[in-house]
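Here is a short walk through one structure, taken a piece at a time. Have the sequence and the model open as you read.

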Amino acid sequence: MPRIADWRWPFFTVDIELTNHCRQNCLFCPREKLTRPAGFIEFEVLQSIVRKLAEIGSRITFCGMGNPLLHPDFSLIAEFCRSINGLSFGYTVQAPALNSANRKLLSDARPGFIEISFPTFDPGLFEQIFPGCDFAESLDFVMKLRAENPQMRGLTVIAIKTEQETRSENEITGFWHSKGFDCRLTLCHSRGGNLTKENLISTRCIAPDNCGLFATHSFVTWQGELLACCHDLTGETKIADLKSSTICAAGQKKLAILNDKMPFEICKICDEPAAFRALPDRDYPESSGARRRFMKKWLKAKQSI
Ligand code: SF4
């Protein structure tokens, strides 16, 4: 197994939870297990963490257990992110949340990328996964987002292959390509054992001892805490408080954990496909171009698991 020496690797990509509030009730989101307190990240906390991450070139996605569009300082945060030269930032949002007001927020934010969760284009299954949401309306929302942002690159649909899905990978990606979107297909998994709906989960493998996701990706809660993973719904895997810790110290802690078996309970029953990704076997990419190239490879590897 390659040993990672550079403490920046675990922060190659970072998810920051602007909030864990959400109004969607997605079938594959085990929100009922979420015992971490609910809230919104403070603007000053966010500024401090984003500045530290920007210094090492992290790619930041605002997502987590909530809907980032609900943050009352959404526009202020976007403006701040745009003010940092070279910062790569974007959002993950659910298709049914893309009403005209939210599309305007996203368009005005001018992020580098937007990932839209649109699990399936099977209308019946879609409406099972998003109870109370209308398939045709959600499809219309994403098509309008595309039309309203013709120049935007990095508009990607995230499709989720559940056990109920009958379409092939080629059909799914072909559908979205024909509509002008990149598409990434991920397997529905149990999110560290938190999702127990067997009729949805399409992966059964238990993650390896050294998690490839943990090695190159970090998750920060709205309180500014670095957890082992976004699948931790209780906060039991806290590694560092990024309000006070340096990124270097937090990265060193993650590397020390990687030298042994993952010590966390959720890892023992984890079936996250990205955990199977190989650990990086090269020096940390110093330039933004080298990071982009590695990122492309990273996403491709996730797709093919
Ligand atoms: S093994 Fe699974 S739960 Fe543990 S850090 Fe990796 S992805 Fe998260």
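## Around the ligand

Two helices stand out in the shell around the ligand: α7 (212–216) and α9 (265–268) each supply at least two of its residues. Keep in mind that this is a predicted model. In total, 15 residues surround the ligand, and the closest are C211, C229, C267, C270 and E272.

What sort of residues make up the shell around the ligand? They divide into 12 nonpolar, two polar and one charged. Cysteine counts as nonpolar in that tally.

## The sheet as a whole

Now for the strands. Nine of them form an open sheet, and reading across it the order goes β6-β5-β4-β3-β2-β1-β7-β8-β9. The pairing is mixed. Why is one side of β6 and of β9 left without a neighbour in the sheet? Both strands, β6 and β9 (238–241), stand at the edges with a single partner strand each, so there is nothing in the sheet on their other side. From one strand to the next, the twist averages 25°.

## From β3 to β5

Let's zoom in on part of that order. Strand β3 (residues 88–94) runs parallel to β4, and five bridges join the two. One pair to look for is V93 with its bridge partner I116 in β4. The connection here goes by way of a helix: β3, α3 and β4 make a right-handed β-α-β unit.

On to the next pair: strand β4 (residues 113–117) is joined to strand β5 (residues 155–161) by four bridges, and these strands run parallel. E115 stands opposite T156 in β5, while S117 has I158 as its bridge partner in β5.

## Out to the edge at β6

How many bridges join β5 to strand β6 (residues 182–187)? There are six, and β5 and β6 run parallel. Along this pair, V157 stands opposite C183 in β6, and K161 finds its bridge partner in L187 of β6.

To get from β5 to β6, the chain passes through helix α6 (residues 169–178), in a β-α-β crossover that is right-handed. With β6 you are back at one of the edges of the sheet.

## Where α3 meets α5

The helix of the β3, α3 and β4 unit also has a helical partner worth a look. The axes of helix α3 (residues 100–109) and helix α5 (residues 135–148) come within 11 Å of each other, crossing at roughly 35°. That crossing is right-handed.

Which residues make the contact? On the α3 side they are R103, L106 and S107, and α5 brings K144, L145 and E148. By type, the residues of this contact divide into two nonpolar, one polar and three charged.

Conventions:
Residues are numbered from 1 along each chain as its sequence is written. This is a predicted model: local features need pLDDT of at least 70, side-chain atom pairs count only at pLDDT 80 or more; totals for chains, interfaces and linings use all residues. Two strands pair if DSSP finds at least two bridges between them. A crossover is right-handed if, with the strands pointing away from the viewer, the path from the first strand over the helix to the second runs clockwise. Axes are lines fitted to C-alpha atoms, for helices over the stretch in contact, and angles run from 0 to 180 degrees between N-to-C directions. A crossing is left-handed if the near helix is turned anticlockwise from the far one by less than a right angle, and right-handed if clockwise. Two residues are in contact if their C-beta atoms, placed from the backbone, lie within 7 Å. A residue is near a molecule or strand if its C-beta atom, placed from the backbone, lies within 6 Å of it.
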